[in-house]
Amino acid sequence: MASAAAYYYAGCEDDYQPHFLDSCSLCRRSLNQNSDIFMYRGNTPFCSQECRQEQIEMDEAMEKKWKLSSSSSSSKRSSAVRQSSDSAKESGMNKAVRTGTVAVI
């Protein structure tokens with residue numbers, strides 16, 4: 001059986017799982033109890049500043065990719081809305097529109 005510090009109790013006697021601070025989230029290197037642990041985004045441990053920085057750069061690249069893809073899809077949507085708005089204007093020229101006040105009690 002491993003040391004008590006390296007495991008936590010998950011509800012069953014045979015169901016011990018490693019603690020999240022046991023290894024680096026990037027390289028999986030073991031984190032020693034007497035060494036520095038570099039944290040990122042709350043509860044993600046890393047063995048070194050280099051591993052943490054690499055994860056930060058990967059996350060930033062993913063965010064940039066996501067923003068680019070969402071901005072291109074939003075520009076496609078706005079283009080489609082603009083086209084449907086233009087066609088609605090053309091087809092709506094012969095439609096009557098009522099204006100006024102609506103009261104809900």
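Let me start with Arg41, which is exposed in this predicted model, with a relative accessible area of 53%, and since anything over 50% counts as exposed, that is the word I will use for Arg41.

What does Arg41 meet in a salt bridge with a distance of 2.7 Å, N to O? The partner is Glu63, whose side chain meets that of Arg41 at this distance. Glu63 lies in helix α1 while Arg41 sits in the loop between β3 and β4, so this salt bridge ties together parts of the chain that are 22 residues apart in sequence. As for its surroundings, Glu63 is partly exposed, its relative accessible area being 36%.

Arg41 also forms a salt bridge with Asp59, and here the closest N and O atoms are 3.9 Å apart. This pair, too, links distant parts of the chain, with Asp59 in helix α1, which covers residues 49-91, and Arg41 in the loop between β3 (38-40) and β4 (44-46), the two residues being 18 residues apart. Is Asp59 buried or exposed? Asp59 is buried, because its relative accessible area is 17% and the limit for that word is under 20%.

If we now step back, a search of the whole structure finds two salt bridges, and Arg41, Asp59 and Glu63 are linked in a network of them.

Let me turn from charged side chains to the aromatic ones. The structure holds one aromatic pair, made by the rings of Tyr40 and Phe46, whose centres are 6.4 Å apart and whose planes stand at 55°, so the pair is described as tilted. Both Tyr40 and Phe46 are buried.

That brings me to the nonpolar core, and I would begin with a general remark: in soluble globular proteins, nonpolar side chains tend to be buried together. In this model, the largest nonpolar core has eight residues, and Tyr40 and Phe46 are among them, together with Cys24, Leu31, Phe38, Cys47, Cys51 and Ile56. Which elements give two or more residues to this core? They are β3 and α1.

Finally, a word on Cys24, which is one of the core residues. Leaving aside residues up to four places away in sequence, Cys24 touches Arg29, Leu31, Pro45, Phe46, Cys47 and Cys51, and of these Leu31, Phe46, Cys47 and Cys51 are also listed in the largest nonpolar core.

Definitions and conventions
Residues numbered from 1 in each chain as written. Predicted model: local features only at pLDDT ≥ 70, side-chain atom pairs only at ≥ 80, totals over all residues. Heavy atoms only, no water. Salt bridge = Lys/Arg side-chain N within 4 Å of Asp/Glu carboxyl O. Helix = DSSP H or I, 4+ residues; strand = E, 2+ residues; numbered from the N terminus. Buried < 20%, exposed > 50% of the residue type's maximum accessible area, 1.4 Å probe, protein only. Phe/Tyr/Trp six-rings, centres within 6.5 Å; stacked < 30°, edge-to-face > 60°. Core = buried A, V, L, I, M, F, W, Y, C linked by side-chain atoms within 4.5 Å. Contact = heavy atoms within 4.5 Å.
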